[in-house]
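Please open the model in your viewer and keep the selection panel at hand. The tour goes from stop to stop, saying at each one what to select and what can be found there.

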Amino acid sequence: MKTRRDFIKISTLGLGGIAAAAGLSRIAMGSSVVDDLLKLGAAGSDNLKRYPTYCEVCFWKCAGWTYTDDKGKILKVIGNDEDPHCYGRLCPRGTGGIGMYYDEDRLKKPLIRVKGAEGDTYREASWEEALDLVASKMKEIAEKYGPESFALFKHGGPGVHFEHLMSAYGSDTSAEPAFAQCRGPRDIGWKATYGAWAGSPEPTDIRDTKCLVLIGSHIGENMHNSQVQEMSDAIDRGATIITVDPRFSTAASKSKYWLPIKPATDNALLLAWIHVVINEELYNKKYVEKYTLGFEALKKHVEAMTPEWAYGITTIDPELIRTTARAMAAAAPAVIVHPGRHASWYGDDAQRTRGIAILNALFGSVGNRGGFYFKQEFKLPKFPAPAYPEPKWGWKETLQGKFPLASTGVTNELIRASIPGQTGEYQVKAWFVAGTNLPISIPDKKSLHEALHAIEFLVVVDTMPMDITGYADVILPECTYLERYDQIRSSTSRIPNIALRMPATEPLYETKPAWWIAKQLGERLGLHDFYNYNDFSEVLDWQLKQVGSSLDEMKNAGIKFFPEKATALYLEPDQDYTFPTASGKIELYSSELESLGFDPMPVYTAHEEPAEGFYRLIYGRAPMHTFSRTANNPYLHDLMKENNVWVNPKVADLLGLKKDQMVWLKNQDGVISTYPVKVRVTERIRWDSVYMVHGYGQTNPKLRNAYGIGASDTELITKVKLDPTMGGTGMRGNFVTFIKENPWKEANI
Ligand code: MGD
Ligand code: SF4
């Protein structure tokens, strides 16, 4: 049955034919995008103007300079030499960020859904009409159900502007996938141990480390800039790299030790490592005694968790477990067992991070050079505005008492709260979506579709006609990060610093910045007091002046450093230090977890195994793409057009699969990938698993580069294991098999 919100094609009404504005069209196939961009940028560089920005292509937020020629045409974006996020060099994605600006498929005008007997389409609208419609719907929903039932899903730059709008309107029913689909479980596990989130960027002192342990965190493919640069330096300095991954990843290829672990068994390896470190007395006795709580309980807990025990679970040779534990200890405290980033794998992910956090504590790496530094941050004062109204309920109530450690909205639970009858009185009725492509980023498509079908109104703010826009009632086109002001970046680092993003040129087409869209809506809702300025540059200038800077200064410098806070980066020998946990100590044994009914120390739980003929689906990143946001970027698309599915040669032989053969993947619930994907036969993946890069398989034909190319991992993730501590969606318990003949022949896909 077709539903009102079935995915529809965006109407072609008036949308085609606008060529890339400034003649910087598609770079020839096979050329190096970075070289070409630099050549373009170098031409006539005497007349170039530069404007500070920070990158939006991923969330490392590297600061850089956007260069334009004398006609205002954007030529290149390069790193800011002073910036500790990038050390003057953007990654390929950041360099190709101008492809977001030049993408001919960009959203260009506001669009409003039009119902029709043949199916729905979209028509172009003026900003006036589109904003009036959204504001009137917001008023209607607030009157009928209360503002709390209007939920915000957000991610990235636009998020903060719509968060302000929704808070002023009376709703804190909001969430972003960076929590429950990404690093939430990690941050909760870290907090239970050290009292604070690991955060972003993670305070890993890779620059000075002697040993870096990557357990499912594939730095190098997940191109977090300064981490990659520091890791490369560390390798040159002879640091030991240990990589635990069922796949011979790029990081594994640079490692002294590769532990090709059986997927879903990492907790057993961590516990065995802890066992060795304690049993062989390799731990930092002074540190453990001074700063930790629960050592004796931990010792007892891991007594039987020998490398031999772990071997039966992980398939890792016990001697290799011992050797790597000793290598870490030899480097301690300059050792980093990396906390990872995308951590929502198996549903016991906060506990896996606890294992990682505990191991670091035994080595004394937190607060020591070459381990983890105490992060420094600089907070700007908030621009004056009235207090937000107190919502009657919000994201927390939608959890209905579950997930007690969730400290921010849980996307999947807001989706559930949008399906009638699921959360009683806490019923979400409408969505505001900004900067997140939910159909590609949230697993369990069935629930997502049920929710999309049930809600009364959906407004999407995006730069591109991504899959989510196809469900919207109103689409509002935001300009790209190169064409707008946004909030000041004030992320954590070794030295407190801030960075400015400002427009390098006028927005193309009829696109507008998020701050402008939010302000326009706020004013239509009568929330004038929350928008006491004409232009967002006034907000930034006011904030900067409170801390002794100004917009003019930041326009010239791009980035500014402030003196270190009272807390130094590292502990002094024998220094007293209070960690922000309830006990003031690093909690090897967590009474908080225990009091909430969770294991106070991490345990190994066996996870479901694939049925015969099925292989565990694991997914990850490529250095030239970020999730789905770069899929259509002309420059980055040229660098990597499609994903492929990695298959071990033994499996390929068994099933008669050949290199580059197109296959469809079918999961344990009978869901078949919409599009086929090429087979890559490689020893670099274990026989029991297959691997693919996330972000492909876009279904909107308006994305002319990305449409129908590669397979979507998300659509095959129909089963999720929720982390009971915080609601994260463990996504790696799905299994696939191969289909060689087109299963969609009759459907003509
Ligand atoms: P994207 O798919 O890149 O990631 O989830 P999302 O943030 O949803 O979608 C970003 C959307 O923002 C796109 O529609 C893009 O066009 C839009 N956009 C980009 N720039 C702007 C802008 O300046 N303004 C506006 N308004 N919109 C913009 C990421 C999430 O996905 C995360 S953080 C992780 S770690 C998870 N990874 C992951 C995975 O690896 N596999 C699977 N299956 N699911 C995953 N989900 C999670
Ligand atoms: Fe941009 Fe690359 Fe930095 Fe991410 S790591 S913010 S994509 S330059």
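Begin by selecting ligand 2 in this predicted model, and then display the residues that surround this ligand: Cys55, Val57, Cys58, Trp60, Lys61, Cys62, Leu90, Cys91, Arg93, Gly94, Met223 and Asn225. If you colour this shell by residue class, you should find eight nonpolar residues, two polar ones and two charged ones.

Keep Asn225 selected, since it belongs to the shell of ligand 2 and is also among the buried residues of α7. Now extend the selection to the whole of helix α7, residues 225-236, and compare its length with expectation: at 1.5 Å a residue, its 12 residues should span 16 Å, and the end C-alpha atoms are 17 Å apart, which agrees. Which residues of α7 are buried? They are Asn225, Ser226, Gln227, Val228, Gln229, Glu230, Met231 and Ala234. To see what these buried residues pack against, add β8 (211-215), β9 (240-244) and α8 (250-253) to the view. Before leaving this region, step just past the end of α7 to Gly238, whose phi is positive, at about 90°.

Next, select ligand 1, which is surrounded by 30 residues, the closest being His155, Thr436, Asp462, Glu478 and Ser628. Three polar contacts are worth displaying here. In one, an N or O atom in the side chain of Thr436 is 2.7 Å from an oxygen atom of ligand 1; in another, a polar side-chain atom of Arg621 lies 2.8 Å from an oxygen atom of the ligand. For the third, show the backbone of Val461, where an N or O atom lies 3.1 Å from a nitrogen atom of ligand 1. How much of ligand 1 does the protein bury? Taken alone, the ligand exposes 920 Å², and the protein buries 99% of that area.

With ligand 1 still in view, colour α6 (177-194), α17 (438-441) and β14 (457-462), each of which supplies at least two residues of the shell; α6 gives the most, with three residues. By class, the shell around ligand 1 divides into 12 nonpolar, 12 polar and six charged residues.

From α6, move into the loop between α6 and β8, where Pro201 is found, and display the peptide bond that joins Ser200 to Pro201, which is cis with omega of about -10°. A second cis peptide bond can be shown by selecting Ala332 and Pro333, where omega is near 5°; Pro333 lies in the loop between α13 (318-331) and β12 (335-337).

Now go to the loop between α12 (307-314) and α13 and select Thr315, a residue that has a positive phi of about 70° although it is not a glycine. Is Thr315 buried or partly exposed? Its relative accessibility is 39%, so Thr315 counts as partly exposed. For another non-glycine residue with a positive phi, select Phe403, where the angle is about 50°, in the loop between α15 (395-398) and α16. Phe403 has a relative accessibility of 7% and therefore counts as buried.

The last stop is Thr423, in the loop between α16 (411-416) and β13 (430-434). Thr423 counts as buried because its relative accessibility is 1%, under the 20% cut-off. Show its side chain, and you will find a polar atom 2.7 Å from the backbone oxygen of Tyr426. Finally, leaving out residues up to four places away in sequence, select the residues that Thr423 touches, namely Thr398, Gln400, Arg416 and Ala417.

Note on methods: Residues are numbered from 1 along each chain as its sequence is written. Chains are lettered from A and ligands numbered from 1 in the order in which they are written. This is a predicted model: local features need pLDDT of at least 70, side-chain atom pairs count only at pLDDT 80 or more; totals for chains, interfaces and linings use all residues. Side-chain values use heavy atoms; hydrogens and water are left out. A residue is near a molecule or strand if one of its heavy atoms lies within 4 Å of it. Ala, Val, Leu, Ile, Met, Phe, Trp, Tyr, Cys and Pro count as nonpolar, Asp, Glu, Lys and Arg as charged, and the others, Gly among them, as polar. Helices (H or I, at least four residues) and strands (E, at least two) are DSSP runs, numbered from the N terminus. The expected span of a helix is 1.5 Å times one less than its number of residues. Buried means under 20% relative accessible area, exposed over 50%, partly exposed in between (1.4 Å probe, protein chains only). Contact means heavy atoms within 4.5 Å. A polar contact is a pair of N or O atoms within 3.5 Å; within protein, one must be able to donate a hydrogen and the other to accept it, and residues adjacent in sequence count only if both atoms are side-chain atoms. Accessible areas come from the Shrake-Rupley method with a 1.4 Å probe; for residues, only the protein chains shown count as cover.
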